[in-house]
Amino acid sequence: MMTLDALLAMAEGAVAAARRAGAEEAEAFACSSRGLAAEIEGGTLKSASSGVETAVGLRVLKDGRLGRASGPVGPPEPLARRAIAGALPAPEGFAFGEGAGATSRHEHPLPPVDDVVEETHRLLEAASGDGLTVTGGGVGYGTSRWALVTSRGLTFTATETGGDCSVGCVAEGEVAGVGHASAWTRGGRLDVEAAAHEAARHASETRDPRPLTDPPERIVFHPEALASLLGATLLPALSGARQARRESPLVTTEGPLAGEGVRAVDLGPRAGTRHVVDHDDEGTPYGPRDYLVDGGLAGAVATREDAVRYGLDTVGWAQRVHGLHGRGPHGDPSAGPGNLLVDGPRASVEEVRAEAGRALYVRDLIGAHTANATTGRFAVEATTAYLFEDGEPAGPVSGALVGGTLVGLLQGVLLASEPEVVPSWESPGLLLGEVLVERLPVTTRG
Amino acid sequence: MLSRASVEDSLAPATYWDARLDATTTRSVLVRTSGEEKVSDTAVLGVAVRALVDGAWGLASTDRADEAALAEAAGDAVAMARALAPRVREPVTLTDGPVTTGQHDLLPKRDPFELEPASLLALLRETLAAVPSRVEASARLGLRLEDKRVVGASGADVASKVVRLSCSIDLTDKASGTSVGRRLGGTGGFELVPPDVLSSATASALVALERLVQAKAAPREKLPVVIDPELTGVFAHEAVGHGCEADLVLAGDSLFADRVGERVGTEEVTIVDDPGRLPGFGAFAVDDEATLARPRPLVERGVVTGFIHSLETAARLGHEPNGGARAQDGQSEPMPRMSNTMFLGGSATEDELWEEAGRCIHVLGTRGGQVDTARGTFQFTPQEAYLVEEGEILHAIRGAGLSGTVLRTLKSVELASKTESLGGPGMCGKGQWVPVGDGGPLVLTRGVEVG
């Protein structure tokens, strides 16, 4: 894995090569990642792996044209030639980042492979039990380092380390019970037992579900279930470029976009969350901002290019793909919130459930990624779900279908419990609690 | 570069090993009617070395293909396996690997990467030329060259180059936000998407968009459903194909686990996963373990017939390897994956099928789908849905989603039209992303919910 100094030199070399090839301006992003993981499959530890990847992404401006290319470690001249060859007219006013150098370091030592194997073994053991099979899962840790250099004098370097685990179980039954859970850490060690016990509990409790026959009018979403739904609907809807093109339900829907007290805000960099680094991958300082407040749209996210193209603010989280397991800086930066908190009128978990009365509790769902990002319309099936009666669990149910729109969901939020980081390396990171929603249609499979 | 000599000394403790170099080059081109245009090139190199030591798998990957890096990765793979071995409950025994050699390419007559970016942009601009100003439109082109080499313990030394091309056209009605899209392409080059085909796709999408803007709610009555070839293919992939991936079968995560030889569908249901089905987007000649690829019948006339295998899953189930191991890139381990999953044609003419369907819901295209493989429930979202009577469209249906259970749906396939066709290109995610194709005939069923 490359040092930050070596990455900086690599990025500077790519910028210099672009200038020699005729570019007036250039920006290079060099990234090196190392990952370490162990996997479970079919009730046994399956494999252990390690990997390292270093690559560089280059953008150039020549004669008012913007080009981009990325590639592995090697001479920078071919990369510069490819970027220039594909250059197209840039939006007027576009420029790479400028300013003084900065660094943001959040690196921790990776655990030794024996520790990773031991944690995976504990994950497996804790999720195994009478009638339970651990179908898959694993433990992984990784570190990324990156360096951004522009011909306008900006240099930014950063490091981050994290880990995650996931586990899936099935429980024997006439209809199998299914449970999934995951955990996440930023710099520390994983609580694998907590994830294992949660997955095992859901698998055991959801075996032989009864078909849902009388759909309730309220839903309580587990944070991970809601995260998958919002990831497919709210995140694209916050794109300033999509809003400018009227490809977001947040600009094509009349009236209030959310219920009273509902907000979607970016917390900015924060310890223990997905985004701890204080500049984005274009070198733009990253801080808190509002997206949805008091039922109205308060902001959007945009890359530098989209900002000048559509007349938007540049502040957002423009991210190239880098992460724990050797992904490189390929493609264009894409914009999204960093640490997105979606919140409603606050209550404790107990109060959320008590207020729910008779409700569908959705732990896992399938189909979220089939949502229509342009309209926010979705249709999903709650695959791990319970019926709540008088706020108390009243057994697992099957065949519960939830359909609606993003705005309908946000308008129906009644209460939300204390938000937590949803365990995922997806970007943006989401912070959610258990959320009680009404008026979101639940139907049943006949 | 990768050779047997560069890794085999370090891999001496392994009872089985393989090393795979994957150099993938992509070019993506975007044109929007709003004026935005982009061309982006990427090149990704990785070498994954895998070692089986004391019944445990170790994998190490590197981003360099020089002798020192390869030897280091080989040593790391052995170290990873040794670290895992004491904790493995069921040691893997795999001593015989493939002995395949040679070059196994799937290349078009003309390399699409030879075309200048300006030509690609012009093609996409022309594709959107007929789009009216009330519609926001984008066209994307993706070119992909996969250049791989695999060397293995038993003497395998294979190389392959595969070129794939995908094109998507997406339209959004600015006033209502209603959207619709088209996907074209496959394994090959521009012969798959000549300009007239692209223009026709845009024209067809515009017609669909006009209908969808006027869409109404789904009827409350329970109606039969006629699924178009593209969505039938997605059904075959999601509802059947994933459950027939042998790693999920072995993991206890498939409803097909104990059903080989069992009837699970009607006589109209025959599904095969075929890496040789050209120009399907998931085609390949040799898999990422150096096994020659071949068709894999999954369901024949309603009866489960087999699974998609890696070397390990084939050994554990006592089946023949069938070239189904694929990896996302040179950092990842191969696992059983689909290629081109086809629901083959059935017994009916299209006229017979429509006559039998009567008043029905016709669903077309796909926005994707997902399946719970253990319990066999699925959820798909079509691009378009229509209420149809006597073969005539009455109106579009707003926001339709399909859900059901796999077995009930397979057992309720009443008719399949005689000829199947490939749908558009897709990327399948199972922790790793790989290119896939799928397709089928028109299918009439009463076993799915549309809502």
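How much area is buried between chain B and chain A, and what percentage of it do carbon and sulfur atoms give? The area buried between the two chains is about 5600 Å², and carbon and sulfur atoms give 50% of it; buried area here is the accessible area (1.4 Å probe) that two parts lose on being put together, summed over both.

This is a predicted model, in which local features need pLDDT of at least 70 and side-chain atom pairs count only at pLDDT 80 or more, while totals for chains, interfaces and linings use all residues. Residues are numbered from 1 along each chain as its sequence is written, chains are lettered from A and ligands numbered from 1 in the order in which they are written, and side-chain values use heavy atoms, with hydrogens and water left out.

**Confidence**

The model scores ipTM 0.91 and pTM 0.93. Chain A averages a pLDDT (the predictor's confidence in each residue, from 0 to 100) of 93, with 98% of its residues scoring at least 70, and chain B has a mean of 95, with 100% of its residues at 70 or more. Among the elements of chain A, strand β14 (residues 317–319) has the lowest mean pLDDT, 84, and strand β10 (residues 218–221) the highest, 98. Helices (H or I, at least four residues) and strands (E, at least two) are DSSP runs, numbered from the N terminus.

**The interface**

Contact, meaning heavy atoms within 4.5 Å, takes 65 residues from chain B and 70 residues from chain A. On the chain B side, Arg87(B), Arg89(B) and Arg375(B) lose the most area to chain A, together 14% of what that side buries. Ala251(B), in the loop between α6 (246–250) and β9 of chain B, is in contact with Glu41(A), Gly42(A), Thr133(A) and Thr135(A), leaving aside its neighbours within four places in sequence. Ala251(B) counts as buried because its relative accessible area is 2%, where buried means under 20%, exposed over 50% and partly exposed in between (1.4 Å probe, protein chains only).

Helix α2 (residues 67–84) of chain B has 18 residues, which at 1.5 Å a residue should span 26 Å, and its end C-alpha atoms are 26 Å apart, so the two values agree; the expected span is 1.5 Å times one less than the number of residues. Its buried residues include Ala69(B), Leu70(B), Ala73(B) and Leu84(B). What covers the buried residues of α2(B) includes β1, β2 (44–62) and α3 (113–127) of chain A, together with α1 (4–7), β2 (37–53) and β3 (56–62) of chain B.

**Cores and covered elements**

A nonpolar core is a set of buried Ala, Val, Leu, Ile, Met, Phe, Trp, Tyr and Cys residues joined through side-chain atoms within 4.5 Å. In the largest core, of 49 residues, Phe221(A), Leu234(A), Leu340(A) and Leu360(A) touch the most other members. Helix α5 (residues 223–237) of chain A gives the largest share of this core, nine residues. A second, separate core of 46 residues includes Val31(B), Val135(B), Val388(B) and Ala396(B). In soluble globular proteins, nonpolar side chains tend to be buried together.

Helix α5 (residues 229–241) of chain B is mostly covered, with 11 of its 13 residues buried, among them His237(B) and Glu238(B). In chain A, Ser33(A) lies in strand β1 (residues 25–41) and is buried, with a relative accessible area of 0%. The side chain of Ser33(A) makes a polar contact with that of Ser144(A) at 2.8 Å; such a contact is a pair of N or O atoms within 3.5 Å, of which, within protein, one must be able to donate a hydrogen and the other to accept it, and residues adjacent in sequence count only if both atoms are side-chain atoms.

**Backbone features in loops of chain B**

Most residues other than glycine have a negative phi, and most peptide bonds are trans. The table gives two residues with a positive phi.

| Residue | Phi | Loop | Relative accessibility |
|---|---|---|---|
| Asp54(B) | near 50 degrees | between β2 and β3 of chain B | 57%, exposed |
| Ala290(B) | about 75 degrees | between β9 and β10 of chain B | 0%, buried |

The peptide bond from Leu278(B) to Pro279(B) is cis, with omega near 5 degrees, and Pro279(B) is found in the loop between β9 (271–273) and β10 of chain B.
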